[in-house]
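The following exercises concern the structure shown below. Each consists of a task and a solution in steps.

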Amino acid sequence: MKIISHGFLRLYLVIALTAMVGCEGEQSAFAGLGPVSSRITLLMWVMFIAAALITAFICLLIFISIAGPSRWRQKLSSEQGVVLGGIVFPVVTLSTLLIYGFMVLREGENLVHAENPVRISVVGERWWWRVIYLHDDGQTTESANEVHIPTGRTIELELSTADVIHSFWLPAYAGKVDMVPGRINKLHLIADKPGVVRGQCAEYCGGAHALMAFYAVAMLPADYDAWLAKERSGAKPASEKEGERLFFASGCGGCHSVRGSRANGEIGPDLTHVGGRLSLGAGILPNEPKSFAQWISRHQTLKPENLMPPFDFFSESELQALSAYLNALE
Ligand code: CUA
């Protein structure tokens, strides 16, 4: 009897290969770009191989119990066989793997404990990320939807939430940690080399949960210091006067801040240097010249249920002026 037809087998292979393509790229859990994520990747492979071996062993036992020689079948069904195979074997193998897992993860944690970490607070919001750089002098700089980190240094992320439970997941560098109301959970990581990777909210948090992404940008320490100094400064005076006028006349400054201007809203993402970010809408649109106009006019279509009120009343020329103003906020 032919159990699997060729067509079905081909379909199965296509699905498996397509799923595996998802393991590549900027949000890969297999990348292991730092000591913490490398330990997680190692643990994943050990668990995967152990599970495959155990599955093969169990399949062999099932085969023997169905079609094996009667002497072997009797051994398997004896009381001794049941105690050994049904209790001793699973208890020993699962306990060994569990203890090994704790050891590997503890070792990963120990690798990143440093006296003077770079401290960044990340607050989960529906449905974006408030990112606050905590400077050594006690001051803070707020940004959004992008976490910049220096390479080679321990990063201490203080994870909290402004509303519901979110989960901060940056697979290239670390495991995922929940953001729970009333708590600050810490996550330590180190980035080995410069690069850009993507993270994602990993706990269902309502409407736009699947569209709550962010980017992490690892930079050489000198580049990071220069970037942070620039990020810390206010926006330079606007050259795009018509766009600036529309921004304030439409009430944008009631929800968004642009440091250095009178826009000081605290509800939505800080826009002081929004023109220099990689994406808009928390990873929804690449930050290209046309993206601001797209976002302002169609954000409820691009990211349904997001909490920004609809602003679909601007004319094309007004959209262009607003875009020019926001783009210049680098
Ligand atoms: Cu935030 Cu899911």
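**Exercise 1.** Determine whether strand β9 is mostly covered or mostly open, and identify the strands to which β9 is joined.

*Solution.* The model is a predicted one.
Step 1. Strand β9 spans residues 195-201, and five of its seven residues are buried, so that the strand is mostly covered.
Step 2. Strand β6 (residues 166-169) is joined to β9 by two bridges, and the two strands run antiparallel. Here F168 has C201 of β9 as its bridge partner.
Step 3. Strand β10 (residues 213-219) is also antiparallel to β9, with six bridges between them. In this pairing Q200 stands opposite A213 of β10.

**Exercise 2.** State the strand order of the open sheet that contains β9, and explain why β4 and β7 each have one side without a neighbour in the sheet.

*Solution.*
Step 1. Five strands make up this open sheet, in the order β4-β10-β9-β6-β7, and the pairing is mixed.
Step 2. Strands β4 (146-150) and β7 (176-179) stand at the edges; each has a single partner strand, and therefore one side of each is left without a neighbour in the sheet.
Step 3. On average, neighbouring strands of this sheet are turned by 25° against each other, direction ignored.
Step 4. The pairing of β6 with β7 is antiparallel and comprises four bridges. Within it, W169 has K176 of β7 as its bridge partner.
Step 5. Helix α5 (residues 221-232) lies across β4 and β10, and runs at about 135° to β4.

**Exercise 3.** Establish why strand β5 is described as largely enclosed, and describe how its side chains are directed.

*Solution.*
Step 1. Strand β5 covers residues 155-161, and seven of the seven are buried; the strand is therefore largely enclosed by the rest of the structure.
Step 2. From β5, I155, L157, L159 and T161 point one way, while E156, E158 and S160 point the other way; all are buried.
Step 3. Strand β1 (residues 118-125) runs parallel to β5 and is joined to it by seven bridges. I120 stands opposite L157 in this pairing.
Step 4. Strand β8 (residues 185-189) runs antiparallel to β5, with five bridges. The bridge partner of I155 in β8 is L189, and that of L159 is N185.
Step 5. The open sheet to which β5 belongs has five strands in the order β3-β2-β1-β5-β8, with mixed pairing. Strands β3 (140-144) and β8 stand at its edges with a single partner strand each, so one side of each lacks a neighbour in the sheet.

**Exercise 4.** Decide whether L157 is buried or exposed, and list its contacts beyond its neighbours in sequence.

*Solution.*
Step 1. L157 is located in strand β5.
Step 2. Its relative accessibility is 2%. A residue counts as buried under 20%, and L157 is therefore buried.
Step 3. When neighbours within four places in sequence are left aside, L157 is in contact with I120, V122, V147, F168, N185, K186, L187 and L189.

**Exercise 5.** Examine the salt bridges of R126 and D137, and say which parts of the chain they link.

*Solution.*
Step 1. Side chains of opposite charge can pair when their charged atoms come close.
Step 2. The structure holds 11 salt bridges. One of them is formed by R126 and D163, whose closest N and O atoms are 3.8 Å apart.
Step 3. R126 lies in the loop between β1 and β2 (128-134), and D163 in the loop between β5 and β6, so this pair ties together parts that are 37 residues apart in sequence.
Step 4. R126 is partly exposed, with a relative accessible area of 34%, and D163 is partly exposed at 22%.
Step 5. D137 forms a salt bridge with R232, with 2.7 Å between the closest N and O atoms. This pair links distant parts of the chain, as D137 lies in the loop between β2 and β3 and R232 in helix α5, 95 residues apart.
Step 6. D137 is exposed, with a relative accessible area of 52%, whereas R232 is partly exposed at 33% relative accessibility.

Methods. Residues are numbered from 1 along each chain as its sequence is written. This is a predicted model: local features need pLDDT of at least 70, side-chain atom pairs count only at pLDDT 80 or more; totals for chains, interfaces and linings use all residues. Side-chain values use heavy atoms; hydrogens and water are left out. Buried means under 20% relative accessible area, exposed over 50%, partly exposed in between (1.4 Å probe, protein chains only). Two strands pair if DSSP finds at least two bridges between them. Axes are lines fitted to C-alpha atoms, for helices over the stretch in contact, and angles run from 0 to 180 degrees between N-to-C directions. Contact means heavy atoms within 4.5 Å. A salt bridge is a side-chain nitrogen of Lys or Arg within 4 Å of a carboxyl oxygen of Asp or Glu.
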